[in-house]
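Colleague: Before we go through this model together, could you lay it out for me and fix the vocabulary that we will use?

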Amino acid sequence: MTNTIEAPFDTPSGLLPATVGVLGGGRMGAGIAHAFLLNGSKVTVVERDDDSARGAQKRVAASVAASFDRGTVSGDRDEVLKRFDTSTDYAAFASCDLVVEAVPEDAKLKATALSAVAEHVSRHAYLATNTSSLSVSRLAEALPRPESFLGLHFFNPVPASTLIEVVVGEKTTEETVAAARRWVSGLGKTAVVVKDAPGFASSRLGVVIALEAMRMVEEGVASAEDIDNAMVLGYKHPTGPLKTTDIVGLDVRLGIAEYLHATLGERFAPPQILRDMVAAGDLGRKTGKGFYNWN
């Protein structure tokens, strides 16, 4: 099937969808909303209840304000925020040219959420998932238009990251991939295009390094800080694998590792130290403690 979608691109760059929806306003969803807002799109975040919607509103407003305070953007922040709204109704996606799903990394939850979104978007809209490891082709199975669906893997923190992984499903058309490349360019980021495979490129490589770093801590080879410094100073990583794990969330890393273990084999088996820390609630920066103390 050939995708003939021609979504409007009337943002200042001429590259972005005019109206973007984001399902889920947590850290990642708020970051995605922030990125599109600052580059000219109108953005609506849909959340599960009023309290969550208010939380998303605050996160996005704070993120936009921080960008203006840092001087990384110019213009009128009030005008930017006038293009932002939140809702608890999936019907808010009806006018969107692109909807990005950004709910937690759980296959059943994502599949259910995407199916619900698909019921409300127009036949001209693109749909994307922000999954960091799950099969895009599998998620597309229940969608009415899999040809206009793909993965857009944003990286945390979204405002600072310059990379977006574009994940091509079995039925994703070349036209959809070309549109995604335009969006990434319009956001001022770089696209890495990969086919749908477990862990894609970034998660597969990032997780295997992080798991080995955890085993080294577990075995007493070196401290978390020294292991990270070895990668930062020796290999020019911006942050080490263990600090990155704290930022991403140990629970998120465990979920990805379990998926990769099931699909790719023993080299992705989660070490016991990771399971123990997640069970204890030490999830990294978001709880104040992981491989580092964040308080």
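Modeller: Helices, which are H or I runs of at least four residues, and strands, which are E runs of at least two, are taken from DSSP and numbered from the N terminus. Please keep in mind throughout that this is a predicted model.

Colleague: With that settled, in which helix is Val-136 found, and is Val-136 buried or exposed?

Modeller: The residue lies in the run 136-140, which is helix α5. A residue counts as buried under 20% relative accessible area, and the value for Val-136 is 0%, so Val-136 of α5 is buried.

Colleague: How far is Val-136 from Val-167 in space, C-alpha to C-alpha?

Modeller: Along the sequence, Val-136 and Val-167 are 31 residues apart. Leaving aside neighbours within four places in sequence, Val-136 is in contact with several residues, including Phe-149, Leu-150, Gly-151, Val-167 and Phe-200. From C-alpha to C-alpha, the distance between Val-136 and Val-167 is 7.2 Å.

Colleague: Which residue stands opposite Val-167 of β7?

Modeller: Strand β6, residues 149-154, pairs with strand β7, residues 163-168, in the antiparallel sense over four bridges. Within this pair of strands, the residue that stands opposite Val-167 is Gly-151.

Colleague: Turning to the sheet as a whole, which strands stand at its edges?

Modeller: The sheet is open and has eight strands with mixed pairing, in the order β3-β2-β1-β4-β5-β6-β7-β8. Each of the edge strands has a single partner, so one side of each is left without a neighbour in the sheet; these strands are β3 (84-87) and β8 (190-195).

Colleague: What is the average twist from one strand to the next?

Modeller: The eight strands form an open sheet rather than a closed one, as the order from β3 to β8 sets out. Going from one strand to the next, the twist averages 25°.

Colleague: Which residue of β4 is the bridge partner of Leu-23?

Modeller: Strand β1, residues 19-23, pairs with β4 in the parallel sense over four bridges, and β4 and β5 likewise pair in the parallel sense over four bridges. Towards β5, Val-100 stands opposite Ala-128. Both faces of β4 are covered, with Leu-98 and Val-100 buried on one side and Val-99 and Glu-101 buried on the other. The partner of Leu-23 in β4 is Glu-101.

Colleague: With which lysine does Glu-101 meet in a salt bridge?

Modeller: Glu-101 is buried, and its partner is buried too. The N to O distance between the two side chains is 2.4 Å, and the lysine is Lys-110.

Colleague: What angle does the direction of α2 make with that of β3?

Modeller: Helix α2, residues 50-70, packs on the sheet and touches β2 (42-46) as well as β3. The buried residues of α2, among them Ala-56, Val-60, Val-64 and Phe-68, pack against α1 (27-38), β2, α3 (77-82) and β3. The angle between the directions of α2 and β3 is about 160°.

Colleague: How far apart are the end C-alpha atoms of α2?

Modeller: At the start of α2, a side-chain oxygen of Asp-49 reaches to within 3.3 Å of the backbone nitrogen of Asp-51, while Gly-71, whose phi is positive and near 80°, follows the helix. At 1.5 Å a residue, the 21 residues of α2 should span 30 Å, and this agrees with the separation of the end C-alpha atoms, which is 30 Å.

Colleague: Which residues form a network of salt bridges with Asp-49?

Modeller: In one salt bridge, the side chains of Arg-48 and Glu-47 meet at 3.7 Å, N to O. Arg-48 is exposed, with a relative accessible area of 69%, whereas Glu-47 is buried, with 11%. The residues linked with Asp-49 in the network are Glu-47 and Arg-48.

Colleague: How many residues apart are Asp-251 and Lys-286, which link distant parts of the chain?

Modeller: The side chains of Asp-251 and Lys-286 meet in a salt bridge at 2.9 Å, N to O. Asp-251 counts as partly exposed at 29% relative accessibility, and Lys-286 counts as partly exposed at 48%. Asp-251 lies in helix α10 (residues 250-264) and Lys-286 in the segment after α11 (272-279), and their separation along the chain is 35 residues.

Technical notes:
Residues numbered from 1 in each chain as written. Predicted model: local features only at pLDDT ≥ 70, side-chain atom pairs only at ≥ 80, totals over all residues. Heavy atoms only, no water. Pairing = 2+ DSSP bridges. Axes fitted to C-alpha atoms, helices over the stretch in contact; angles between N-to-C directions. Contact = heavy atoms within 4.5 Å. Expected span 1.5 Å × (residues − 1). Buried < 20%, exposed > 50% of the residue type's maximum accessible area, 1.4 Å probe, protein only. Polar contact = N/O pair within 3.5 Å; in protein donor to acceptor, adjacent residues only side chain to side chain. Salt bridge = Lys/Arg side-chain N within 4 Å of Asp/Glu carboxyl O.
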